[in-house]
Amino acid sequence: MVRMRSLLLTLALLTTPAFAQHPTLPLWPNGSPEPTHLTGPEFDPTTDKDRIVSGKPAIRVTNITHPTLTVYSPDPTKDTHAAALVFPGGSYVRLSWSVEGTEVCDWLNSLGMTCILVKYRVPEDGHYPANVEDLEDAQQAMRLTRTHAADWNIDPARIGVIGFSAGAHLAVVLSTHPDFQGANVPAFTVDARPNFQMVIYPGWLTGAASQGAIGKVDPVLQPDAHVPPTFLVQAENDYTAHVENALVYFLALKDAKVPAELHLFTQGGHGFGMRPTDLPISHWGALAETWLHTIHILGPPGPVGMP
């Protein structure tokens, strides 16, 4: 069964035009910094129960031991030279590859932005700070993107991150700890700090009772003035990640005087990505496009308005 799912995933990816047209780079050409306990190829863990999302099939991927980034460039006539790394969600167990990955790249390309789709290591035992592999992959993806900025027609000062669910948590981790130094990672001089972040139905941002942080942001993710401008989206009926994650993080950003925009909706649930539905939350992409202009990632350069 695993072999069949692996074959189906490979066929699906190879028959996707974007996959065939855009380069894929290993994050760690000489091997990942930490040894893996996983065996076997990558495969799609999707079941019949969760295959359909908003009326369309979804592709997921897991058993990732060789993390990569894939470059989705826009039409050269529309290229704004802005870019975003995309971190799909999946509870750090799998990656929602189509709904929170390739389809997000299609949207970014429609705005004239380059999409860097990051396939980070999953499944993993925990996440930052207990497990640093997710952050190391995110940092390396940003460093490689800035290193190749000229090759990919990207302005290195206009590269952000967009994360969904667990990927939203990873975006916040990267924005909070861009200078983290992994024990097995060579020191780098290339900056890993994003220039903006979009945090879409995030999880794991709230503190725990053991930290004395109920109703507050996780102290590990406490923002300071160096966190980039932030755009947040979540639904009140998100019973997977819970709307409190966006609420407490926005308040923490406010206290740190980080420019932030929060959009809460009554309905939407979790894991909807950018797929259209009859709900207002489906239009969050239009709100994000406007926001990208207000922080001058898109459009003419200018100062970011401060709260």
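This is a conversation between a student and a tutor about a predicted model.

Student: What makes Tyr-92 and Tyr-120 an aromatic pair?

Tutor: Their ring centres lie 6.2 Å apart, and rings pair if their centres lie within 6.5 Å, so these two qualify.

Student: Why is that pair called edge-to-face?

Tutor: The angle between the planes is 65 degrees. Planes over 60 degrees apart count as edge-to-face, so the name fits.

Student: Where in the chain do the two partners sit?

Tutor: Tyr-92 is in the loop between β5 and α3, while Tyr-120 is in the loop between β6 and α4. The two are 28 residues apart, and the pair links distant parts of the chain.

Student: How do you know whether Tyr-92 and Tyr-120 are buried or exposed?

Tutor: Buried means under 20% relative accessible area. Tyr-92 has 3% and Tyr-120 has 1%, so both count as buried.

Student: Why do we say that Lys-119 lies over the face of Trp-97?

Tutor: Lys-119 is 5.3 Å from the ring centre, and the distance limit is 6 Å. The definition also asks for a position within 35 degrees of the ring normal; Lys-119 is listed as lying over the face of Trp-97.

Student: Let's turn to a helix. What makes the buried residues of α7 line one face?

Tutor: The buried residues are Trp-284, Gly-285, Ala-288, Trp-291 and Leu-292. Seen down the helix axis, they fall within an arc of 115 degrees, so they line one face of α7. In general, an α-helix has 3.6 residues a turn, so residues three or four places apart point the same way.

Student: What covers those buried residues of α7?

Tutor: The cover includes α3, β7, β8, β9 and β10. Leu-292, for one, touches Leu-111, Met-113, Phe-196, Met-198, Ile-297 and Leu-298, leaving out residues up to four places away in sequence. Trp-284 and Trp-291 also belong to one aromatic cluster, whose members include Trp-107 and Phe-164.

Student: How do you know that Gln-139 is buried?

Tutor: Gln-139, found in helix α4, has 2% relative accessibility. The cut-off for buried is under 20%, so Gln-139 is buried.

Student: What does the side chain of Gln-139 reach, and why is that called a polar contact?

Tutor: The side chain reaches the backbone oxygen of Phe-180 at 2.8 Å. The limit for a polar contact is 3.5 Å, so this distance falls within it. Gln-139 is also in contact with other residues, including Leu-174, His-177 and Ala-192.

Conventions: Residues numbered from 1 in each chain as written. Predicted model: local features only at pLDDT ≥ 70, side-chain atom pairs only at ≥ 80, totals over all residues. Heavy atoms only, no water. Buried < 20%, exposed > 50% of the residue type's maximum accessible area, 1.4 Å probe, protein only. Helix = DSSP H or I, 4+ residues; strand = E, 2+ residues; numbered from the N terminus. Arc of directions from axis to C-beta. Contact = heavy atoms within 4.5 Å. Phe/Tyr/Trp six-rings, centres within 6.5 Å; stacked < 30°, edge-to-face > 60°. Polar contact = N/O pair within 3.5 Å; in protein donor to acceptor, adjacent residues only side chain to side chain.
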